[in-house]
Amino acid sequence: MKDARLRIQSLLAALLLLSLTAFGAQAQDTGADFLSDLHDFRINNYLALDSFYAFSANGDTEALNRIVGSINASNNAMNAVIASTSGVLSPQQVEGLNQDFDQFKDLMRGNINEVRDRGYPDLRLMADLANMASSMNERATELYGVAQENSGTQADARIESARSAAVVMAQMMARYSARTHSSVAQTFQGASDEASLDQQALMFDNLLARVQSGSASAELKAAIDDVSSKWQFIRGSYINYNENNVSFVIDRYSKGIIRSLTTTIEILESNA
């Protein structure tokens, strides 16, 4: 028990360090790199939220490890955005997003402390965390569109559809995790005006269809087919939420979809 507590304390210390220090990310000079970093930022924040909901249910150290790993990745992406010399966003726009991220990290740390110290979450703090994640992602999405317009390059429709699909899947996964790990999850799944899970599933259908359009090498086809097969396996669970669904399977397949979409994006970028 003592070793486990020391492990949690060290992980929390790492999370605190992330909110105070930068990792010295190298400046990116292209709008394409900037968009890639901003995309990674959005994805990893939802992965952190997903892992927190699992952690809130039982204080599992493995879930805490995943939270810290995702925040770490988000922090690296944010540092790259800050250090970018592409000029696709103003310093004020970037700083506004960074301030949102600082608040998100502070709320995440506070929520982790509540679970660690009390053995169960504070629902008000969880609602604050979910709402902060929602507003931060909304700002990041708006800035992504602005940066895209200012980059001066023609966006690849399939790449953008794959990125949008990954964001939708990450958001769905986090909301499903919230619903799974608390009987009052509706109080902290995010803004009330967000699309419902079944509506988001239909959005994912449309985005995946766009990614599937066009020619594909054997490697690209394998990645897209993996997304499609995994999605067909769990689609019904998102369309019709059922408490009897095996939540860890939904979570695992959702993460697998995000990984395969990442592979799809990398292949499309290499062929652009």
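**Entry 1: Phe 101 and its partner**

I looked up Phe 101 first and found it buried, with a relative accessible area of 0%. I note here that the model is predicted. Phe 41 is also buried, at 1% relative accessible area. I then checked the count of aromatic pairs, which came to 8 for the structure. In one of them, the ring centres of Phe 41 and Phe 101 lie 5.0 Å apart. Their planes stand at 80 degrees, so I logged the pair as edge-to-face. The cut-off for that label is over 60 degrees.

Which helices hold the two rings? Phe 41 lies in helix α2, residues 31-58, and Phe 101 in helix α4, residues 91-118. The pair therefore ties together parts that are 60 residues apart in sequence.

**Entry 2: elsewhere in α4**

I moved to Leu 97, which lies in helix α4. Leu 97 is buried, with a relative accessible area of 2%. I looked for a residue distant from Leu 97 in sequence and picked Arg 139, 42 residues away. The C-alpha atoms of Leu 97 and Arg 139 are 6.9 Å apart in space.

**Entry 3: the aromatic cluster and charges over rings**

I followed the ring pairs further. They link Tyr 176, Phe 204, Trp 231, Tyr 238 and Tyr 241 into a cluster. Tyr 241 also takes part in another contact: the charged end of Arg 179 sits over its ring, 4.7 Å from the centre. I found a second such arrangement at Tyr 144. There the charged end of Arg 42 sits over the ring, 4.7 Å from its centre.

**Entry 4: salt bridges**

I counted salt bridges next and got 14 for the structure. I looked at three of them in detail.

The side chains of Asp 117 and Arg 116 meet in a salt bridge, at 3.0 Å from N to O. Is Arg 116 buried or partly exposed? Arg 116 is partly exposed, with a relative accessible area of 25%.

Lys 230 bridges to Asp 226, with the closest N and O atoms 2.7 Å apart. Both residues lie in helix α8, residues 218-239. They are 4 residues apart, about one turn of the helix. I entered Asp 226 as partly exposed, because its relative accessibility is 25% and the buried class stops under 20%.

Asp 251 and Lys 255 form a salt bridge whose closest N and O atoms are 2.4 Å apart. Both sit in helix α9, residues 247-271. They are 4 residues apart there, so about one helical turn separates them. Lys 255 is buried, with a relative accessible area of 17%. Salt bridges that share partners bring in Asp 50 as well, joining it with Asp 251 and Lys 255 into one network.

**Entry 5: the largest pocket**

I turned to the pockets. The largest has a volume of about 470 Å³. It is lined by 22 residues, and those closest to its centre are Asn 137, Glu 138, Thr 141, Val 167 and Gln 171.

Which helix gives the largest share of the lining? That is α5, with 8 residues. At least two residues each come from α2, α5 (123-150), α6 (157-181) and α7 (197-212). I sorted the lining of the largest pocket by class and got 7 nonpolar, 9 polar and 6 charged residues.

**Entry 6: the second largest pocket**

The second largest pocket has a volume of about 290 Å³. I listed 15 lining residues for it, and the closest to its centre are Ala 32, Thr 153, Gln 154, Asp 156 and Ile 159. Helices α2 and α6 each supply at least two residues of this lining. The most come from α2, with 4 residues. By class, the lining of the second largest pocket divides into 5 nonpolar, 5 polar and 5 charged.

**Entry 7: the chain as a whole**

I closed with the overall counts. How many helices and strands does the chain have? I recorded 9 helices and 0 strands. Along the sequence, the pattern reads α-α-α-α-α-α-α-α-α. The chain has 272 residues, and 48% of them count as buried.

Definitions and conventions: Residues are numbered from 1 along each chain as its sequence is written. This is a predicted model: local features need pLDDT of at least 70, side-chain atom pairs count only at pLDDT 80 or more; totals for chains, interfaces and linings use all residues. Side-chain values use heavy atoms; hydrogens and water are left out. Rings of Phe, Tyr and Trp (its six-membered ring) pair if their centres lie within 6.5 Å; planes under 30 degrees apart count as stacked, over 60 as edge-to-face and the rest as tilted. Buried means under 20% relative accessible area, exposed over 50%, partly exposed in between (1.4 Å probe, protein chains only). A charge sits over a ring if NZ of Lys or CZ of Arg is within 6 Å of the ring centre and within 35 degrees of the ring normal. A salt bridge is a side-chain nitrogen of Lys or Arg within 4 Å of a carboxyl oxygen of Asp or Glu. On a 1 Å grid over the protein atoms alone, a cavity is a set of points where a 1.4 Å probe fits but cannot get out, and a pocket is an open set with protein on both sides within 12 Å along at least five of seven lines; lining residues have an atom within 4 Å of a point. Grid points are joined across faces, edges and corners, and a volume is the space filled by probe spheres set on the points. Ala, Val, Leu, Ile, Met, Phe, Trp, Tyr, Cys and Pro count as nonpolar, Asp, Glu, Lys and Arg as charged, and the others, Gly among them, as polar.
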